[in-house]
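The following note collects comments on the model under review. The points are numbered for ease of reference.

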Amino acid sequence: MGWRRGRTYGQGLHDWVLAADRPVREVARRFAVGESYVARARQQRGQVSAGVQCNYVFLRLQRLERALTGRVAAAPEQTLTQLCQWGEAEHDVRVSPTALWKTLGRLGLTLKKIAPGRRAATCRCSSGTTRLGRRAVQT
């Protein structure tokens, strides 16, 4: 039986394993499956078919989308850590900077990142060169 990791066995095999009244090792060898699969299938004998797989994670910041959008629009220079602290202090929602970053990305918002003492559009290249390769542009 050709099985690849990450793929589920078919319902027919599940039914055959349940119908076999032999010891676990014998059934596993007979159908070329693991002993743990046979044991788990027998433990779930009352279920007719596999349960629904659901990996949906509730978005913790979904109810704060309007407030978050307004906060970023009012002060785009704040950091993710500052936004996390704001969310915890004012809205009693504690999230990681990664979760906040993903939420901002989903909303299409960006934070303006400027190092102290630098302007946003400065390029320390001489004219006629590119930033990446520093090659002269020939026109």
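**Notes on helix packing, cavity and pocket**

1. Helix H5 (residues 80-91) supplies the largest share of the lining of the largest cavity, namely 4 residues. The structure is a predicted model, and the remarks below should be read accordingly. The space in this cavity amounts to about 50 Å³, and a search of the whole structure finds 1 cavity of 30 Å³ or more.

2. The lining of the largest cavity consists of Leu61, Leu64, Leu68, Leu83, Cys84, Trp86, Gly87, Val95 and Leu100. Sorted by class, this lining comprises 8 nonpolar residues, 1 polar residue and no charged residues.

3. As to the overall fold, the protein chain contains 6 helices and 0 strands. Read from the N terminus, the order of elements is α-α-α-α-α-α. The protein chain has 139 residues, of which 22% count as buried. Where contacts join residues at least 6 apart in sequence, 43% of them link residues at least 24 apart.

4. How do H5 and H6 pack against each other? Their axes lie 9 Å apart and form an angle of about 95°. An angle of 65 to 115 degrees counts as roughly perpendicular, and H5 and H6 are therefore roughly perpendicular to each other.

5. The contact of H5 with H6 brings Leu80, Leu83 and Cys84 of H5 against Pro97, Leu100, Trp101 and Leu104 of H6. By class, the residues of this contact are 7 nonpolar, no polar and no charged. Leu83, Cys84 and Leu100 also appear in the lining of the largest cavity.

6. A further packing pair is formed by helix H4 (residues 65-74) and helix H6 (residues 97-107), with an angle of about 85° and axes 11 Å apart. That angle makes H4 roughly perpendicular to H6. On the H4 side, the residues in this contact are Glu65, Leu68, Thr69 and Val72; on the H6 side, they are Leu100, Thr103, Leu104, Arg106 and Leu107. The residues of the contact of H4 with H6 divide into 5 nonpolar, 2 polar and 2 charged.

7. Is threonine 103 buried or exposed? Threonine 103, which lies in helix H6, has a relative accessible area of 9% and is buried, because buried means under 20% relative accessible area. Once its neighbours within four places in sequence are set aside, threonine 103 is in contact with Leu61 and Leu68. Leu61 and Leu68 are also among the residues that line the largest cavity.

8. The second largest pocket deserves a separate remark. The space in this pocket is about 160 Å³. Its lining is made up of 10 residues, and those nearest its centre are Phe58, Leu59, Arg60, Ala99 and Thr103. The lining of this pocket divides into 6 nonpolar, 1 polar and 3 charged residues. Thr103 thus has a place both in this lining and in the contact of H4 with H6.

9. A last point concerns serine 36, a residue of helix H3 (residues 35-43). Serine 36 is partly exposed, its relative accessible area being 45%. Between serine 36 and arginine 25, the separation is 11 residues in sequence and 9.5 Å in space, taken from C-alpha to C-alpha.

Methods
Residues numbered from 1 in each chain as written. Predicted model: local features only at pLDDT ≥ 70, side-chain atom pairs only at ≥ 80, totals over all residues. Heavy atoms only, no water. Axes fitted to C-alpha atoms, helices over the stretch in contact; angles between N-to-C directions. Helix = DSSP H or I, 4+ residues; strand = E, 2+ residues; numbered from the N terminus. Parallel < 35°, antiparallel > 145°, perpendicular 65-115°, else oblique. Contact = heavy atoms within 4.5 Å. Nonpolar A, V, L, I, M, F, W, Y, C, P; charged D, E, K, R; others polar. 1 Å grid on protein atoms, 1.4 Å probe; cavity = no way out; pocket = protein on both sides within 12 Å on 5 of 7 lines; lining within 4 Å. Points joined across faces, edges and corners; volume = space filled by probe spheres on them. Buried < 20%, exposed > 50% of the residue type's maximum accessible area, 1.4 Å probe, protein only.
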